[in-house]
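Open the model in your viewer and keep the selection tool ready. This tour goes stop by stop.

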Amino acid sequence: MDRKSTNGTCHLLGSSLISWNSKKQACVALSTTEAEYIAAGHGCSQIIWLKHQLLDYGVRLSKVPLYCDNTSAINFTKNPIQHSKTKHIEIRHHFIRDHFQKGDCEIKFVKIENQLADLLTKPLTRDRFNKLRTELGILDIKKVV
């Protein structure tokens, strides 16, 4: 109703889910690409925070993969030149570009049917919900008891 997108992130260490986030974006995006680009930026900020936390335990990570299902958003991240299609996006959302160039993270394409964060942001069919839940390692409590 308010035209704001909901973005979600799942953070895995190895195959273990260690944190997740789902939040309505603070601004209205003019396109799906912009919404995905902003969401990727939020995911990148979480990656940077987690990398700093892991340093306390002696774990150094470089080029942490960040998965995105929108090729245009991926291209915006990789293209350091500000062009007409991104000039309206607030500067703070270009955070991801800096960290991509520094090598803190690398943005990779993931097919939409394999996007784990959809579990947090979209209404799903029962089969897709169960598939994504299983891939995240979340157990069905009814089957465990």
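Which residue forms a salt bridge with Asp118, the closest N and O atoms being 3.0 Å apart? Select Arg128: Arg128 is the partner. A salt bridge here is a side-chain nitrogen of Lys or Arg within 4 Å of a carboxyl oxygen of Asp or Glu.

**Before going on**

This is a predicted model, where local features need pLDDT of at least 70 and side-chain atom pairs count only at pLDDT 80 or more, while totals for chains, interfaces and linings use all residues. Residues are numbered from 1 along each chain as its sequence is written, and side-chain values use heavy atoms, with hydrogens and water left out.

**Stop 1: the Asp118 network**

Stay on Arg128 and Asp118. Arg128 lies in helix 5 (residues 126-135) and Asp118 in helix 4 (residues 118-121), so this pair ties together parts ten residues apart in sequence. Now add Lys122. Lys122 also forms a salt bridge with Asp118, with 2.9 Å between the closest N and O atoms. Asp118, Lys122 and Arg128 are thus linked in a network of salt bridges.

Check how covered each one is. Buried means under 20% relative accessible area, exposed means over 50%, and partly exposed is in between (1.4 Å probe, protein chains only). Asp118 is buried, at 4%. Lys122 is partly exposed, at 38%. Arg128 is partly exposed too, at 22%.

**Stop 2: the whole chain**

Zoom out and switch to cartoon. The chain has six helices and four strands. Helices (H or I, at least four residues) and strands (E, at least two) are DSSP runs, numbered from the N terminus. Follow the sequence and the pattern reads β-β-α-β-α-α-β-α-α-α. Of the 145 residues, 35% count as buried.

**Stop 3: Asp104 and Lys51**

How many salt bridges does a search of the whole structure find? The count is four. Select Asp104 and Lys51 for another one. Their side chains meet at 3.5 Å, N to O. The pair links distant parts of the chain, 53 residues apart: Asp104 sits in the loop between helix 3 and strand 4 (105-109), and Lys51 in helix 1. Both residues are buried. As a general point, side chains of opposite charge can pair when their charged atoms come close.

**Stop 4: helix 1 and its neighbours**

Color helix 1 (32-55). Then add helix 3 (residues 95-102), which packs against helix 1 at an angle of about 55°, with the axes 8 Å apart. That makes helix 1 oblique to helix 3. Axes are lines fitted to C-alpha atoms, for helices over the stretch in contact, and angles run from 0 to 180 degrees between N-to-C directions. Angles under 35 degrees count as roughly parallel, over 145 as roughly antiparallel, 65 to 115 as roughly perpendicular and the rest as oblique.

The crossing of helix 1 and helix 3 is left-handed. A crossing is left-handed if the near helix is turned anticlockwise from the far one by less than a right angle, and right-handed if clockwise.

Next, show helix 2 (residues 71-78). Helix 1 and helix 2 pack at about 60°, with their axes 8 Å apart. These two helices are therefore oblique to each other. Helix 1 passes helix 2 in a right-handed crossing.

**Stop 5: two residues in helix 1**

Pick Thr33, in helix 1. Thr33 is buried, with a relative accessible area of 15%. Draw a distance to Ala73: 5.3 Å, C-alpha to C-alpha, although the two are 40 residues apart in sequence.

Move to Cys44, also in helix 1. Is Cys44 buried or exposed? Cys44 is buried, at 0% relative accessible area. Cys44 and Leu66 are 22 residues apart in sequence and 7.2 Å apart in space, C-alpha to C-alpha.

**Stop 6: a loop and a surface patch**

Go to the loop between helix 1 and strand 3, where Lys63 lies. Lys63 has a positive phi of about 50°, yet it is not a glycine. Lys63 counts as partly exposed, at 49% relative accessibility.

Leu61 is in that loop between helix 1 and strand 3 (64-68). Leu61 is partly exposed, at 36%.

Finish by selecting Leu13, Ile18, Tyr57, Val59 and Leu61. They form a nonpolar patch on the surface, with about 470 Å² of accessible area together. Patches are made of residues with over 30% relative accessible area and no salt bridge; like charges are joined within 9 Å, nonpolar side chains (Val, Leu, Ile, Met, Phe, Trp, Tyr) within 5 Å. Accessible areas come from the Shrake-Rupley method with a 1.4 Å probe; for residues, only the protein chains shown count as cover.
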